[in-house]
Amino acid sequence: MLRWAIIFFIIALVAAVLGFGGISGMSFEIAKFIAIIAVILFVVSLVVGGMRGRGPRV
């Protein structure tokens, strides 16, 4: 998922350099949204993993 955010960010940078303002803004917003979702999912997985704990070693 983070890979898609990076791809859209690169598209936004290239579009900004070439002067395509609408495409640049839209790609940046998509990249930002995907990055935020990736961070939220990472935090949730940390919390759930911490709540589960480790089982006893045998």
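**Entry 1: starting point**

In which helix is the place of isoleucine 10? I looked this residue up and found isoleucine 10 in helix H1, which covers residues 2-18. I note that the model is a predicted one.

I then asked whether isoleucine 10 is buried or exposed. Isoleucine 10 has a relative accessible area of 47%, so I recorded this residue as partly exposed, because the exposed class begins over 50%. I also looked up its separation from serine 24, which is 14 residues away along the chain. The C-alpha atoms of isoleucine 10 and serine 24 are 9.4 Å apart.

**Entry 2: the chain as a whole**

I next turned to the protein chain. I found 2 helices and 0 strands in the chain. The chain has 58 residues, and buried residues make up 14% of them. For the exposed surface I noted about 4900 Å². Carbon and sulfur atoms supply 76% of that area.

**Entry 3: helix H1**

I returned to H1 to examine its length. Helix H1 consists of 17 residues, and from its first C-alpha to its last I noted 25 Å. This is close to the 24 Å expected at 1.5 Å a residue.

Which residues of H1 are buried? I found Ala5, Ala12 and Ala15. Looking down the axis of H1, I saw that these buried residues fall within an arc of 90°, so they line one face of the helix. On the face turned away from the buried side of H1, I listed the exposed residues Arg3, Val17 and Leu18.

I also recorded what comes after the helix. Glycine 19 follows H1, and its phi is positive, near 95°.

**Entry 4: tryptophan 4**

Tryptophan 4 is another residue that I looked up in helix H1. With a relative accessible area of 51%, tryptophan 4 is exposed, because the cut-off for this class is over 50%. I then compared its position with that of alanine 31, which stands 27 residues away along the chain. The C-alpha atoms of tryptophan 4 and alanine 31 are separated by 7.1 Å.

**Entry 5: the aromatic pair**

How many aromatic pairs does the structure hold? I found 1. The ring centres of phenylalanine 9 and phenylalanine 28 lie 6.3 Å apart, and the ring planes meet at 50°, so I entered the pair as tilted. The pair links distant parts of the chain, since phenylalanine 9 belongs to helix H1 and phenylalanine 28 to helix H2, 19 residues apart.

I checked the accessibility of each partner. Phenylalanine 9 is partly exposed, at a relative accessible area of 37%. Phenylalanine 28 is likewise partly exposed, at 38%.

**Entry 6: the salt bridge**

Side chains of opposite charge can pair when their charged atoms come close. I therefore searched for salt bridges, and the structure holds 1. Which side chains meet in the salt bridge? They are those of glutamate 29 and lysine 32, with a distance of 3.6 Å from N to O.

I located both partners in helix H2, which covers residues 21-52. Glutamate 29 and lysine 32 are 3 residues apart, about one turn of the helix. Glutamate 29 has a relative accessible area of 43% and is partly exposed. For lysine 32 I noted 38%, so this residue is also partly exposed.

Note on methods: Residues are numbered from 1 along each chain as its sequence is written. This is a predicted model: local features need pLDDT of at least 70, side-chain atom pairs count only at pLDDT 80 or more; totals for chains, interfaces and linings use all residues. Side-chain values use heavy atoms; hydrogens and water are left out. Helices (H or I, at least four residues) and strands (E, at least two) are DSSP runs, numbered from the N terminus. Buried means under 20% relative accessible area, exposed over 50%, partly exposed in between (1.4 Å probe, protein chains only). The expected span of a helix is 1.5 Å times one less than its number of residues. The arc is that of the directions from the helix axis to the C-beta atoms. Accessible areas come from the Shrake-Rupley method with a 1.4 Å probe; for residues, only the protein chains shown count as cover. A salt bridge is a side-chain nitrogen of Lys or Arg within 4 Å of a carboxyl oxygen of Asp or Glu. Rings of Phe, Tyr and Trp (its six-membered ring) pair if their centres lie within 6.5 Å; planes under 30 degrees apart count as stacked, over 60 as edge-to-face and the rest as tilted.
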